[in-house]
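User: I'm new to this one. Could you show me how to read a few of its features?

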Amino acid sequence: MGDFDCSKIRNICILAHVDHGKTTLADHLIAGSGSGLLHPKQAGKLRFMDYLDEEQRRAITMKSSSIALHYKDYSINLIDSPGHMDFCSEVSTAARLSDGALILVDAVEGVHIQTHAVLRQAWIEKLTPCLVLNKIDRLISELKLSPTEAYTRLLRIVHEVNGIMSAYKSEKYLSDVDSLLAGPVGEVGDENYENQEFVEDDEEDTFQPQKGNVAFVCALDGWGFGVGEFAEFYASKLGASTAALRKALWGPRYFNPKTKMIVGKKGLSAGSKARPMFVQFVLEPLWQVYQAALEPDGDKGVLEKVVKSFNLSVPARELQNKDLKSMLQSVLSRWLPLSDAILSMVVKSVPDPVAAQSFRISRLLPKREVLGDGVNFDILAEAERVRKSIESCDSSPEAPCVAFVSKMFAVPIKMLPQRGLHGEVLNNYADEGGSDDSDECFLAFARIFSGILCVGQRVFVLSSLYDPTKGESLQKHMQEAELQSLFLMMGQGLKPVVSAKAGNVVAIRGLGQHILKSATLSSTKNCWPFSSMVFQVSPTLRVAIEPRDPADMGALMKGLKLLNRADPFVEVTVSSRGEHVLAAAGEVHLERCIKDLRERFAKVNLSVSPPLVSYRETIEGEVSNPFENLKALFGGSDYIEKITPNGRCTVRVRVSKLPHALTKVLDESSDILGDIIGGKSGQANKSMEILNAKVVKDENPTETLKKRMMDAIEGEILHQSEGVEKDRAEKCRSMWQQLLKRIWSLGPKQVGPNILLTPDAKENFSGSVLIQGSSHVSERLGFGEVCNGGTANEGPSLETQALYREAESLESSILSGFQLATAAGPLCDEPMWGLAFVVETYISPLTGQLEESGTSSPPPEQYAIFTGQVITAVKDACRAAVLQKKPRIVEAMYFCELNTPTEYLGSMYAVLSRKRARILKEEMQEGSPLFTVHAYLPVAESFGFAEELRKGTSGAASVLLVLSHWEALDEDPFFVPKTEEEIEEFGDGSSVLPNTARKLINDVRRRKGLPVEEKVVQHATKQRTLARKV
Ligand SMILES: Nc1nc2c(ncn2[C@@H]2O[C@H](COP(=O)(O)OP(=O)(O)OP(=O)(O)O)[C@@H](O)[C@H]2O)c(=O)[nH]1
Ligand SMILES: [Mg+2]
């Protein structure tokens, strides 16, 4: 393998929505490469890359896997990825190792939610994408479209995909769900679609058939083409140049048979029946072949004509085949061989590793400028040299070796090749899984970015927190390891090699104990780690796991450790109550994890708890009057007051709800906020927060974030000031300007969606001092700061000065109180969400004996007690303030996309309503019997949802869930009828409908062992005695 010239290597992945045909396409590419791994007859049926039992059983791909193929004199590493949302982390790991992506779209189903997600992933990782429109056969034989209708549909899909790409290019901050709900960019009705002149090729468009990066294929039958293939064929026939034809075979170009000229729409004579050239020269012949072959009265002569004019060598036996479909398949796969169409597109459109790495480098290894004293410039210069060598994909023996491991995967030891290249015996290593009795071996899925990796070589394993300028102090982020074996991956098979050069994708053995999920490998210590991968979702489905038999605890813990290593996405933690908690991306993922744990890693019987769903707590949003809502923060009597037990501190807390959009921005930006504020960020594997070193990235994240926050607020003001006098909106705006300058902290964990504002109190208690705080976060975010008056030197007397000093020292206690309160709200100890707090803390001078004794500050042990009291008072006051302001529970919502045949619509809606889902959109898919329904579904109700749906619709409906957003439940958890009307309606409360909010809260409280107020017997009078007298 090492002898391949870099310019002859291509690394690509196949990305698409679930079931759009990735694995089927991979089959044909494998069969077409002539490696003998797969017979062309089996291609599309075997699903070679789905080698796990569970994958074959469910017929979906669950992990990304790679295969090395040959095409002409090129070496192509192909990575097949899963399309199911639960495994989208595997898409990230595949994209990181590739330079190009084949984006598949089912021509019948069109763009779906995961299509958005994979386009985004390709964009983030700076991959060069190619579009593959799959299942063209379904347009002909299933939807029975005419060639012109099919063309309109294809045009529309290409346009839609280009619209999504251009939104990413212009850096719109839409989540995948938002962009899907926003609909295709510039959507127009189908009927007039083809008449639009704007579909005239736009130079900006990413995907353009005439440029050769779009292919039209049928993966099932193994045929496909780009317009280039047809351009070449027609060039001689029509007497035009291939280049001119290639341009003309897409878009509104027509052929005038009289003048033999290619003309635009305007060049057509009125009333002309001309079809676009793509329809006339590409689709119509294809349709004819299909009709000739499959329709009973079809003209079989057409097939012979095709065989003749294209000089195809189809054995007569196959042409006589009674099975019309396979006869058609043998003609088409010879006429338009799929693997040629795709692989020639890949070779032409996807850059080789040298070209790709030169522009992917800014994503892989963002430039860092280290400012600070005592930095060793030799180290920096060396790190820069390493970066340069990655940028140029230097594969010379002198170049430093750098590779990136995007995931670890487990292979049963018996599956490993027993002998090396020269017949030497392999596998004489002790197992690296941690203990000797394990029969799993861990391999690293890696790409070499510079230099040559050899078996037996020692490398440094750098975690994403490693900083070469920190020298020995960061030893824990760096380890040394020996590469025991290198393999080329052939799907499930592994081919041992002695060495591999930059630009290749390989599996490495020997790193099992050194890498948990991902890492950078380097031959020198002076190398920055690669940037972390972006995962589209986080593991949200959490369950507690314990062994059936307590004696198996040890085996379970070992199993969990192995699982955590083998699955790039699963999270294993121990809760505060000592449970082992497993977090997975969704039900299918969880099911596989449990199965793996039970059968492979732990091999014990397990009991799995119902899902532990997370909630948030907030207050009722006073949307009707945002002005009053804001005003509450500036003063008034609407506050909760608490006094510390020693009587020295009075804490007043005001709370108010933040605009929804602002909460969302804060929630989504916790990583970047962590970087900016310098606090701890939510994720442990962040590479950016390196203290004292200023990390300069391509864009300015602070400015971007600031702008997003301002936009969110402005949007809210505009939205709410409709129909309100202008000066109201103006007042709101100026209030916000002041508030943004007063951000003291965010919570919980310093980066959450709740804001602590510095107090702005005018009044003063006699002799007491207000603890001011500092608008530290505002400053960092660039909102400026307000000067909050004089502090320490204002008071004339020594005592007052001491008091000011004490006030300052208590600031951190207020922050802690705020952090604790926002981490656990009053309803059920779940984090708070979208709230702004103002905490006014007044500290009064010491009185009594201390003063008499002459000291102005309390002794240290008392001081510690005092800070504790302040923390508790602030925390309690914050929680009480929330309780007083109509608290609401906030649920996580899934966006769900359902596809179902019309006859099952009724039962699908029944399931949806039982599960408290909210329908957003329902749409008939034109030309097919399928309905697409979009809805929001509470995460709490999602468990068993797919199963129930499957039962309700006899398996005909399919569903995909994506975590979408947090949503407050309108219902008051403490509702009891109070007003006359309410009492009239609900009576004394016995006929109140079940309170969902209350039920959710009680469930969580019960799980957490918190007291639950509940009547065990609701209506004693209604109880039945089951005993009957006879
Ligand atoms: N009619 C038709 N069916 C196809 C075509 N390509 C794939 N299919 C079918 O679509 C289904 C899904 O194919 P897969 O290749 O497993 O899809 P996938 O994208 O790998 O799915 P995941 O890996 O689970 O995301 C299978 O039943 C295929 O037979 C095609 O060109 N035409
Ligand atoms: Mg697949």
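Analyst: Let's go from the whole chain to single helices. This is a predicted model, where local features need pLDDT of at least 70, side-chain atom pairs count only at pLDDT 80 or more, and totals for chains, interfaces and linings use all residues. Residues are numbered from 1 along each chain as its sequence is written.

User: How many helices and strands does the chain have?

Analyst: Helices (H or I, at least four residues) and strands (E, at least two) are DSSP runs, numbered from the N terminus. Here the chain has 32 helices and 34 strands.

User: What percentage of the residues count as buried?

Analyst: Buried means under 20% relative accessible area, with a 1.4 Å probe and protein chains only. In this chain of 1030 residues, 53% meet that. On helix α25, they are A802, L803, Y804, E806 and A807.

User: What span should helix α25 have?

Analyst: The expected span is 1.5 Å times one less than the number of residues. For the twelve residues of α25 (798-809) that gives 16 Å, and the end C-alpha atoms lie 17 Å apart, which agrees.

User: At what angle do α10 and α11 pack?

Analyst: Axes are lines fitted to C-alpha atoms over the stretch in contact, and angles run from 0 to 180 degrees between N-to-C directions. Helix α10 (residues 277-294) meets helix α11 (residues 301-309) at about 130°, the axes being 8 Å apart.

User: Which residues make the contact?

Analyst: Contact means heavy atoms within 4.5 Å. From α10 come Q288, V289, A292 and A293, and from α11 V302, L303 and V306.

Technical notes
Chains are lettered from A and ligands numbered from 1 in the order in which they are written. Side-chain values use heavy atoms; hydrogens and water are left out. Buried means under 20% relative accessible area, exposed over 50%, partly exposed in between (1.4 Å probe, protein chains only).
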